[in-house]
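Here is a quick tour for anyone meeting this protein for the first time. Have a look at the model, then read on.

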Amino acid sequence: MSIFTKISTTVKSSISTMTKPKPITMRFFEVEVISVTPLSPSFMRIGFKGGKVPDMCMFAPDQWIKLYIPNPDGSVLRIHNQAHYNKLPKATRPPVRTYTISALRPDQYEFDVDFVLHGDEGPASRWAMNAKIGDQMQIRAHCYSEDDTPSGCRWLPPKSANKFLLFADETGLPATIGILNLLAQQNEKPNVEVFVETPTLQDRLAMPEWEGLTVKYLIKSAGQTPGQLLYDEAVSLAPAKLEGGVYIWLAAEKTATRRIRLHLSKVSGLGKDAISVAGYWKYGEKQY
Ligand SMILES: Cc1cc2nc3c(=O)[nH]c(=O)nc-3n(C[C@H](O)[C@H](O)[C@H](O)COP(=O)(O)OP(=O)(O)OC[C@H]3O[C@@H](n4cnc5c(N)ncnc54)[C@H](O)[C@@H]3O)c2cc1C
C-alpha cells in the first residue's frame with residue numbers, strides 16, 4: 001500500500017459513515033478554537049472544532065487549508081463561497097492565509113494548526129498570538145475527491161522512492177513532522193535526512209525517532225537571510241545522497257526554496273517527480 005493510499009484510507013474510513021463522497025475540492029467550514037497551547041518560543045498550537053470537520057480530507061501529511069482571519073475585534077465576516085469573496089470590496093475582504101493541518105481527528109470533529117509566531121505585523125500571526133478558546137473562524141479546506149486525485153499537498157513521493165531528504169524552515173516544520181509520523185508507520189523504516197531551520201534551539205518540536213532518521217536543526221541568527229542555512233546544507237550534501245531512489249521535499253521561504261531547488265536539480269539531474277518544492281512565505285511580502 002502506498003503512503004498516499006494509506007493516509008487517504010485512514011481518513012476516508014473515518015468519514016465514510018458520515019458523508020457521501022462528492023467530487024468537491026474545497027469547501028468553507030465554520031470552526032471554533034478549543035485549545036491554545038504554546039509549544040515553544042516560536043510555535044503556538046491551536047485546536048479547532050466544527051460540525052463539518054469530518055468532511056475535511058488529508059491526502060498527504062502536508063495538506064494545507066486556507067484561514068480567513070477574523071476582524072481585530074474577533075468578529076467573522078461569513079463568506080458563502082468563493083464568488084461571494086471575490087465580489088467583496090478588497091478593503092473589506094478578510095485576510096486569507098495558508099496553513100498546514102498538523103493533526104486531523106475527524107471522529108472528534110477536531111484539527112490542529114501549529115502557528116509560527118513571527119510578530120504582530122501579519123494578521124495570521126497576530127491572531128494566533130491573541131487567540132483564545134471560543135474564538136470563531138472560517139476556513140476553506142479540501143474535501144473528499146471522487147477519484148482520489150490528491151490536491152492541496154506536495155508530498156507525493158513516487159513508489160520507487162526509498163530514501164528521503166527533507167528541508168524546511170519553521171513554517172514547514174509542522175508538515176515535516178506529519179511526514180515523519182507517516183513514514184514512522186512503515187514496517188521498514190526508510191532512510192531519512194532532515195534539515196530544519198528555526199529561530200531558536202527551543203523550537204525543536206517532538207517528532208518520531210528511528211535508526212536511519214537524522215534530524216539537523218539549524219538555528220538562524222538575527223538578521224540572517226531566511227533559508228540561507230538550508231541552502232548551505234544543500235550545497236554541502238555529498239553527491240551520493242542525491243542518487244538512487246531519493247525523494248526531496250522542501251518547504252521554506254520562497255526565494256530560498258528557489259535557490260535550493262535550482263542547486264539540487266543542477267547537481268543531481270533529478271526530475272520534477274523526485275523534488276517537491278513549495279515556497280511557504282515570501283520575505284517582505286504579505287499574504288503570499
Ligand atoms: C502550503 C503552506 C503551508 C503552510 N503551513 C504553515 C504552518 O503550518 N504554520 C505556519 O506558521 N505557517 C505556515 N505557512 C506559512 C504562512 O502561510 C505564512 O508565514 C504567512 O505569510 C503568515 O501570514 P501572516 O498574516 O502572519 O503574515 P503576512 O501578512 O503574510 O506577512 C507579513 C510580513 O511577515 C513576513 N512573514 C510571513 N511569515 C513569516 C515567518 N514565518 N517568519 C518571518 N516573517 C514572516 C512577510 O514576509 C511579511 O513581511 C504555510 C504556507 C503555505 C503556502
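## A helix tucked inside

Let's start with helix 4, whose buried residues are L173, P174, A175, T176, I177, G178, I179, L180, L182 and L183. That makes ten of its eleven residues, so helix 4 is largely enclosed by the rest of the structure. Bear in mind as you look around that this is a predicted model.

T176 is a handy residue to pick out in helix 4. Is T176 buried or exposed? Its relative accessibility is 0%, so T176 counts as buried. Leaving aside residues up to four places away in sequence, T176 touches L166, A168, V194 and W249.

## The nonpolar core

In soluble globular proteins, nonpolar side chains tend to be buried together. Here, the largest nonpolar core has 29 residues, and the ones touching the most other members are W155, L166, L173, L180, V192 and W249. At least two residues of this core come from each of strand 8 (163–169), helix 4 (173–183), strand 9 (191–198), strand 10 (213–219) and strand 11 (246–253).

Which element gives this core its largest share? That would be helix 4, with seven residues.

## Another helix with plenty of partners

Now turn to helix 3, which covers residues 123–130. Its buried residues are P123, A124, S125, W127 and A128. What do they pack against? The partners are all strands: strand 1 (26–38), strand 2 (43–49), strand 4 (96–100), strand 6 (110–116) and strand 7 (136–142).

## Two residues on strands

K163 sits in strand 8. With a relative accessibility of 21%, K163 counts as partly exposed, because the cut-off for buried is under 20%. Residues up to four places away in sequence aside, K163 touches N191, A240, K241, E243, G244, G245, V246 and Y247. Take K241 from that list: K163 and K241 are 78 residues apart along the chain, yet 8.8 Å separates their C-alpha atoms.

For V277, go to strand 12, residues 275–281. V277 has 15% relative accessibility, so this residue counts as buried. Its contacts, again not counting residues up to four places away in sequence, are R154, L250, T257 and R261. From V277 to C57 the gap is 220 residues in sequence and 21 Å in space, going from C-alpha to C-alpha.

## Stepping back

How many helices and strands does the protein chain have? There are six helices and twelve strands. The C-alpha atoms fill a box of roughly 55 × 45 × 35 Å, taken along the principal axes. A compact globule of 288 residues would have a radius of gyration near 19 Å, and the chain agrees with that because its own value is 19 Å.

Buried residues account for 48% of the 288 in the chain. Contacts also reach far along the sequence: of those between residues at least 6 apart, 73% join residues at least 24 apart.

## On the outside

The accessible surface of the chain adds up to about 14,200 Å², and 51% of that belongs to carbon and sulfur atoms. As for charges, the chain carries 34 positive and 29 negative ones. The mean positions of these two groups are 6 Å apart.

How values were computed:
Residues are numbered from 1 along each chain as its sequence is written. This is a predicted model: local features need pLDDT of at least 70, side-chain atom pairs count only at pLDDT 80 or more; totals for chains, interfaces and linings use all residues. Side-chain values use heavy atoms; hydrogens and water are left out. Helices (H or I, at least four residues) and strands (E, at least two) are DSSP runs, numbered from the N terminus. The radius of gyration is taken over C-alpha atoms; the globule rule is 2.2 Å times the number of residues to the power 0.38. Buried means under 20% relative accessible area, exposed over 50%, partly exposed in between (1.4 Å probe, protein chains only). Contact means heavy atoms within 4.5 Å. Accessible areas come from the Shrake-Rupley method with a 1.4 Å probe; for residues, only the protein chains shown count as cover. Lys and Arg count as positive and Asp and Glu as negative; His and the chain ends are not counted. The place of a charge is taken as NZ of Lys, CZ of Arg, CG of Asp or CD of Glu. A nonpolar core is a set of buried Ala, Val, Leu, Ile, Met, Phe, Trp, Tyr and Cys residues joined through side-chain atoms within 4.5 Å.
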